[in-house]
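Hi everyone, thanks for coming. I'd like to walk you through one structure today, so let's put it up on the screen.

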Amino acid sequence: MMLLADFGTTYAKFIDLAAANPTPYLEPAKNISRELRVDMATGHNGTRFTDHYINELTALARGGEHLIDEEDFTLLDCGSRDIKFVRYEKGRLADMGWNAECGASMGFTIELLGRYYNIDYNQLPVPKKSFSVTCGVLGMSQIFDEITAGSGEENAVASFVKSIAINAYRFSGEPDRLYLSGGLCDNPLFVKSFPGDVMGLGRFVLLKGLAVLAKKENGWP
Amino acid sequence: MTTRNIEATPFGTPLCKAELALPEKIERICTSIQTTAGHGQLPACQATAGFWGVPPRDFSMLSLFPDTTHVYGWSRCMENKTPADLELESHFNPALPTIFFAQSFCAKTALAKHLASQHPRALFLDCDITAGSSVRAKIQAFLELSGVYDASC
């Protein structure tokens, strides 16, 4: 077994490179045994489960280099707890950012709101309105204000999601085309709320970055 | 009353270019301004990375840099004992992957951000009081992805 893992805040992503057909899979973070050990890890909770930890920006960049066949690109990862991006120019790293503070809990808050209000993000259209949100947690008060002002719950939450997407877009430098990774790739309202072109890469990009590094370091396929 | 610093005699910047652990390098630069004595001789090393900025409040972030990091910005002005030398403060090496650092809310953030935008291989970094996990990860990832760690081995 050659187990690699991206330990996110709400979900952990795994791949066993020694399997006959290595396929990435998800596990809710709350189900992960504290005794679990993996060969290589990244992610917010990764240091608890491995002796070989790769920081998240490095894993994201290596995954992006492998998956995106362009010399110039911006890759933004929107997870449960934070957002981070890498920007490449002429095949070289040009800029990066990691917002664990003001980007705090964006994905987590969007998921919580969906469950609380029983909202299907597949069905919600992108609203015209957005509002100023500092972060996922502080932005919730805007939702309550909107509802108090007479806006429907779904519309208020959709405006919040759009606001979060605009924040993330600005954070990544407002590129014409944005490659998006992380759990929020699975939220169609969020993806459609970005101003520019968005190419979703799914939630296994950091895991791919680990696989690239494992191959480089250990010769794994 | 004089309100401008008029110290213009350059004392040199051997510490900024020496091969030395970066926390110790910055510590020695800070200590050096407490005396009017000149600096001792230190050989300059082949630089693999650059640190531009003021001495950070949290020195722990400096331990992530290789010993072959050259120091720029106001820290270099400190060692040179010319704290108002904007030309020296604005100097950088475009061939060297460089982190332009400033404390959050410090006036130096504007210059740091401007110079980082002029430098072809730069990362602008600000940090409030302590260097949290995202600040440390940005430094590590930038140095690693810029090939600095490989070059310093």
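Let's begin with a single residue, A18(A). You'll find A18(A) in the loop that links strand 2 (11–16) to strand 3 (25–28) of chain A. Before going on, please keep in mind that this is a predicted model.

Is A18(A) buried or exposed? Neither, quite: A18(A) counts as partly exposed because its relative accessibility is 37%, and that class lies between under 20% for buried and over 50% for exposed. Have a look at M2(A) as well: 16 residues separate M2(A) from A18(A) in sequence, yet their C-alpha atoms are 5.3 Å apart in space.

Now, on to the two chains together. On the chain A side, 16 residues are in contact with 13 residues of chain B. Between them, the chains bury about 1,200 Å², with 59% of that on carbon and sulfur atoms. Which three residues supply the most of what chain A buries here? They are L93(A), M96(A) and W98(A), which supply 39% of the area chain A buries against chain B.

As for where the contacts come from, helix 1 (56–67) and strand 7 (92–99) of chain A each supply at least two residues of the side that touches chain B. Strand 7 gives the most, with seven residues. Sorted by class, that side of chain A has eight nonpolar, three polar and five charged residues.

And how many salt bridges are there between chain A and chain B? The count is zero. For polar contacts, the count between chain A and chain B is one residue pair, with both residues at pLDDT 80 or more.

Thanks, everyone, I'm happy to take questions.

Methods:
Residues are numbered from 1 along each chain as its sequence is written. Chains are lettered from A and ligands numbered from 1 in the order in which they are written. This is a predicted model: local features need pLDDT of at least 70, side-chain atom pairs count only at pLDDT 80 or more; totals for chains, interfaces and linings use all residues. Side-chain values use heavy atoms; hydrogens and water are left out. Contact means heavy atoms within 4.5 Å. Buried area is the accessible area (1.4 Å probe) that two parts lose on being put together, summed over both. A salt bridge is a side-chain nitrogen of Lys or Arg within 4 Å of a carboxyl oxygen of Asp or Glu. A polar contact is a pair of N or O atoms within 3.5 Å; within protein, one must be able to donate a hydrogen and the other to accept it, and residues adjacent in sequence count only if both atoms are side-chain atoms. Helices (H or I, at least four residues) and strands (E, at least two) are DSSP runs, numbered from the N terminus. Ala, Val, Leu, Ile, Met, Phe, Trp, Tyr, Cys and Pro count as nonpolar, Asp, Glu, Lys and Arg as charged, and the others, Gly among them, as polar. Buried means under 20% relative accessible area, exposed over 50%, partly exposed in between (1.4 Å probe, protein chains only).
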